[in-house]
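Hi everyone, thanks for making time today. Let's bring the structure up on the screen and walk through a few spots together.

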Amino acid sequence: KTLHRREFIAGMAEVVKYGVIADENFFSFIEDNYKGILSLDPDLLINMVKRSCEIKARVVSEDEREKGLRAILNFGHTIGHAIETITGYKRYLHGEAVSIGMVCAARLGHIMGLCNKDVYQRLNMLCSHIGLQTSMPQLTFDTLWEVVQRDKKVVNEKVRFIIPTKIGKVKIIDDVDKKQLKEALQLCYSDDKFV
């Protein structure tokens, strides 16, 4: 309740992430209750924080040494971190960049044939309702690709993405096709030019 409004909303990206990666019912709970959550209803906030902690604790306890499953906590972060880096960590808060990254990853999943378009539509809609950004200014793909390849999640020079197959379930993809990624990013561009 003491957080600046923008910080609270940015933090909601991580909450939405937990629904996408592990619990469709939790995602639906956020969809059904986002207005009350944004109004800081104490019961809704307690439920939301409790379930978020349960999901993270389960994922971490099942993969304490970061051998595989724990990577799903990076959903939205591959593109999110690139956006933060390119903008010098001044334009977007972490959660705002992750929100854009999640929507891009869901669009990429649809292009790859891993999920139906309702996955990115629901995700895009929920993030928008919460007040999170879901599109980014246009930037050159080569710049973004170069930054993505320097990310800590790159394994053996292969860019790792966490892609939803449906709400509540994701898949770790270790070698994303550049053309498909470029197509997904173009769908996430706003009318703004990157400055």
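Let's start with Cys104: its relative accessibility is 3%, so Cys104 counts as buried. Please keep in mind that this is a predicted model. Another cysteine to look at is Cys188, which is buried because its relative accessible area is 1%, and the cut-off for buried is under 20%. When people see cysteines, they often ask about disulfides. A disulfide is a covalent bond between the sulfur atoms of two cysteines. So how many disulfides does the count come to? With sulfur atoms required to lie within 2.5 Å of each other, the count is 0 disulfides.

Now, where is Thr134 placed? You'll find Thr134 in the loop that runs between helix 6 (117-130) and strand 1 (136-138). Is Thr134 buried or exposed? At 14% relative accessibility, Thr134 is buried. Its side chain makes a polar contact with the side chain of Asn124, at 2.9 Å. Leaving aside residues up to four places away in sequence, Thr134 touches several others, including Ser99, Ile100, Val103 and Cys127. Cys188, the buried cysteine from a moment ago, is also among the residues that Thr134 touches.

Last stop: the strands. Strand 2 (residues 161-166) pairs with strand 3 (residues 169-173) in the antiparallel sense, over 5 bridges. Together, strand 2 and strand 3 form a hairpin, with 2 residues between them. One bridge to find on your screen joins Lys166 to its partner Lys169 in strand 3. And in the turn, look for Gly168, which has a positive phi of about 105 degrees.

That's my tour, thanks for listening!

Definitions and conventions
Residues are numbered from 1 along each chain as its sequence is written. This is a predicted model: local features need pLDDT of at least 70, side-chain atom pairs count only at pLDDT 80 or more; totals for chains, interfaces and linings use all residues. Side-chain values use heavy atoms; hydrogens and water are left out. Buried means under 20% relative accessible area, exposed over 50%, partly exposed in between (1.4 Å probe, protein chains only). Helices (H or I, at least four residues) and strands (E, at least two) are DSSP runs, numbered from the N terminus. A polar contact is a pair of N or O atoms within 3.5 Å; within protein, one must be able to donate a hydrogen and the other to accept it, and residues adjacent in sequence count only if both atoms are side-chain atoms. Contact means heavy atoms within 4.5 Å. Two strands pair if DSSP finds at least two bridges between them.
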